[in-house]
Amino acid sequence: MNVIWAIAIVVLKELYRRKDFYVLFVLTALITLTMGSVNFFNDHSIVRYLKEFCLLLIWISSLVIAIATAARQIPAERENRTIFPLLAKPVSRAQLILGKFSGCWLACGVCLLVFYFFFGVIAASREHQWPVANYFQALALHWFALGVLVAVTLLGSIVFAAPSSNGTIIFVIAVGILAIGRHLNKVALQLAEPGRSIVYAIYYLIPHLELFDVRDLIIHDLPLVPWHIWALALLYAAAYTAFFLGGAWLLFRRRPLTT
Amino acid sequence: MPCPYLCLAFLLTICATLATYVEPWYQNWAGSRSQQSSLLTTVMGDSRRLFANHFFVKADEYFHNGYYPTIFDQRDDARSLHIAEGAGAVEEKDEGETDFLGKPKDWIDRFGRHFYPSHHAHLGSGHDEDQPSPERELLPWLRLSATLDPQKIESYTVTAYWLRQMKRYDEAVQFLRDGLRANPSSYEILLELGRVYAEGRKDSTTARNIWELALRRWNEQEPQKPKPNKFMLLQICTELTRLELNEKHFDKAISYLELMKKTSPHPDEMQKRSEEIKQGKY
Amino acid sequence: MESVVKIENLQVEYRSKEFGQRTKLAVNGLNLVVQQGEVFGFLGPNGAGKTTTMNVLLGFVNATSGVAYLFGTNVREPIARQRIGYLPELTYYYKFLTGKELLRFYTRVFNIPSAEAERRIDEVLKLVELNGAHQRQIKTYSKGMQQRIGLAQALINNPDLLILDEPTSGLDPVGRMKVREIIQRLKSEGKTVFFSSHELGEVETVCDRVAILCDGELKVAGRVNELVEKYQTNLEQVFLKIIGYPLPP
């Protein structure tokens, strides 16, 4: 565990020394505050549109941070040759994968805390209420969704040589799942075979990231997700994360690291 | 070297010359549409209408607290938007069942319904009268829609309707006047403006003038169309009839009812009302 | 005496990029033993298989056949590397970390308790003369400083076996002298040093035993003084003769 934690801390340090997060946070804050300063019919209590814009920016920023950070971990280690002094220590490849995952995921968690706190302040400034339980549920679901993305990006970074291509592919897939993942079963019903079976297979195989996007519940002040359902969703994400990390380890453990 | 600067100056001169030649031709081609020369219009071009429509639909989505069909859920017949129907901007259609989701198709669908709005509801249903009206949340999207496409009449009429519900009459008047500047011949906007004056400012004289103007505009534009907008004619005439009855101008009320009889799907009802007024039963 | 490094019938094949050749034999049937307390020189021309052999020992590459042990543990086990330190030829470390943070990271990897870790960090920083720059980020270090921080991370766990790949490559004479002093010091402490180098003069000075590889095969292994005596010439000439380089009459 020490090794995994040590590697995770290095990833965290890289994130807060790299400036990506600050740029995205400042952009999010600027756009949100600009949208908030617009006067709609002299009503200063309108809040839902602001929540929608802010949450959309948070999701976009978090996807960029998660995927970009994870995509460059192992390729950068190989390109910069820092992987050699690291793996020359009593560090297994599984520990390296887990350490990188933990670092990226924790970094995403820290970023989300900051983003959601900002969101909470903005919303509370107009709504004068702070539905902590709802925000906590949303944050946890969001974090676990990013965990799945980090894991699949790490797997992709072992398959694809270039972080940019890996990152682009994962980003497109993630956006695709978020946008239409829920509707693939309807699309399948409208197709003839073999298209129907293919789409159904995709529908059942993909990690349904849209389950973790509860922005509409937050925006429209709808009730909490039942806690047992929420826990099941987290378990679902954990299962996919473990699957992708396992795949990454299987691919990575026998891969030669040529100097 | 002076040569490259001379070339640049020469090219600049050619550009300016071409612009003076092309601009009048473009004005001819664009026609006499009233256009806002905003930065948004310049940057976005015609795609602004797409976004305007999207934001208008967004307002409807907000009206339903997020419970809204996607393109994957749309039925074959054209849907109209509830906020537009409620505002009287379009005719109400009996669309039967409003639960577009239906039964869950599989366990993922069933599980997933906990994570997004999956029950039909309207914004503001059951809200406390003492609290600010929750329908205010529609306003930004409607405003954005109107800004992006000033020629979208519905944006103005629906917004004004909701402003009227919130008793924000001054803002409604201002907004409708902006709409009239962009669409000077719009009888829909005039109808809504009349309603604001009648209901909010209790100014029946101005309301009458505006509605009569709306009727004239309708008569100028609609009769020559293959499918005139009879719904709007009925709306205008209904308001005028009600106003005249309140003012006890029964002859005028009857004349408007006669006008409505020609286009109403229920001419008997119009006739019955006319008879009642003639008999002094009103 | 315990053998620190033991290689038995090691064979490593790579997929070849050359047309008409499917695999390339990088190491062919290597047998080698390094005893505790030795300073062992691993020599050979470019492409002889030295780096490949080191990569197998360090677990970067899997052997096609044969087996290698470090302190009696198969090199495929990560725990085999608990008692070693490795200095790569090209030293790159996390640029965004300071020197001290880098060393602290490696002490955590080795599970060294924090009090002991701080003591070790101060000790190695002093040894490599970086105690003035340890708070600066590594991206601000010169090449020589990067080489020294590399040496520091190789020594951080007080290793019983130090594997050095071209340790004096790119160093100025002062730097080379420092490396030689460190090797001598480690030897006096009973540590084992296994290094590859092209500086045969240096090898002749510090090494107890050497092995010469050529085309993936071990050509000769033995004590330096014995080889010099046998061939009646210096180590450089012995090397050239072994690899078949045509010497002038």
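**Exercise 1. A residue in the core**

Leaving aside its neighbours within four places in sequence, with which residues is C108(A) in contact?

*Solution.* The structure is a predicted model, and the contacts are read from it as follows. Step one is to set aside the neighbours of C108(A) within four places in sequence, after which its contacts are S62(A), I65(A), A66(A), W143(A), L146(A) and V150(A). Step two is to place C108(A) in a wider setting: the largest nonpolar core holds 201 residues, and those that touch the most other members are A66(A), C108(A), L149(A), V150(A), I236(B), A152(C) and I163(C). Step three is to ask which element supplies this core, and here helix α5 of chain A, residues 93-127, gives the most, with 15 residues.

**Exercise 2. The chains and their contacts**

Determine which chains touch, and describe the side of chain A that faces chain B.

*Solution.* Begin with the pairs: 2 pairs of chains touch, and the one with the most contacts is that of chains A and C. Chains B and C, by contrast, are joined by no contact, and their closest C-alpha atoms lie 40 Å apart. Turning to chains A and B, 24 residues of chain A are in contact with 24 residues of chain B. On the chain A side, the elements that give two or more residues are α3 (48-79), α8 (184-189) and α10 (215-219) of chain A, and by class this side has 13 nonpolar, 6 polar and 5 charged residues. As to confidence in the complex, the predictor gives an ipTM of 0.89 and a pTM of 0.86.

**Exercise 3. A helix of chain B**

Describe helix α11 of chain B, beginning with the make-up of the chain and ending with what covers the helix.

*Solution.* First, the secondary structure of chain B comes to 13 helices and 0 strands, and buried residues make up 32% of its 282 residues. Among the contacts in chain B with a separation of 6 or more, 55% are between residues 24 or more positions apart. Next, α11(B) covers residues 230-246, and its 17 residues reach 24 Å from the first C-alpha to the last, close to the 24 Å expected at 1.5 Å a residue. The buried residues of this helix include M232(B), L233(B), I236(B), C237(B) and L240(B), but also Q235(B), E239(B) and E244(B); of these, I236(B) has already appeared among the residues that touch the most other members of the largest nonpolar core. What covers the buried residues includes α9 (187-200), α10 (204-221) and α12 (250-263) of chain B. Finally, just after the helix, K248(B) takes a positive phi of about 65 degrees.

**Exercise 4. The strands of chain C**

Compare the pairing of the strands in chain C, parallel or antiparallel.

*Solution.* Start with the open sheet of 4 strands, whose order is β2-β1-β4-β5 (chain C) and whose pairing is antiparallel. Its edge strands, each pairing on one side only, are β2 (23-35) and β5 (73-74) of chain C. Within this sheet, β1 of chain C, residues 3-15, and β2(C) pair over 10 bridges, and the bridge partner of K6(C) in β2(C) is V33(C). Then take β6(C) and β7(C), residues 161-165, which pair in the parallel sense over 4 bridges; L87(C) has L164(C) as its bridge partner in β7(C). Both faces of β6(C), residues 84-87, are covered, with I84(C) and Y86(C) buried on one side and G85(C) and L87(C) buried on the other. As a last step, consider confidence: the mean pLDDT of chain C is 87, and 96% of its residues reach 70 or more.

Conventions: Residues are numbered from 1 along each chain as its sequence is written. Chains are lettered from A and ligands numbered from 1 in the order in which they are written. This is a predicted model: local features need pLDDT of at least 70, side-chain atom pairs count only at pLDDT 80 or more; totals for chains, interfaces and linings use all residues. The expected span of a helix is 1.5 Å times one less than its number of residues. A residue is buried if 20 or more other C-beta atoms lie within 10 Å of its own, exposed if 12 or fewer, and partly exposed in between; C-beta atoms are placed from the backbone. Two residues are in contact if their C-beta atoms, placed from the backbone, lie within 7 Å. Two strands pair if DSSP finds at least two bridges between them. Ala, Val, Leu, Ile, Met, Phe, Trp, Tyr, Cys and Pro count as nonpolar, Asp, Glu, Lys and Arg as charged, and the others, Gly among them, as polar. A nonpolar core is a set of buried Ala, Val, Leu, Ile, Met, Phe, Trp, Tyr and Cys residues joined through C-beta atoms within 7 Å. pLDDT is the predictor's confidence in each residue, from 0 to 100.
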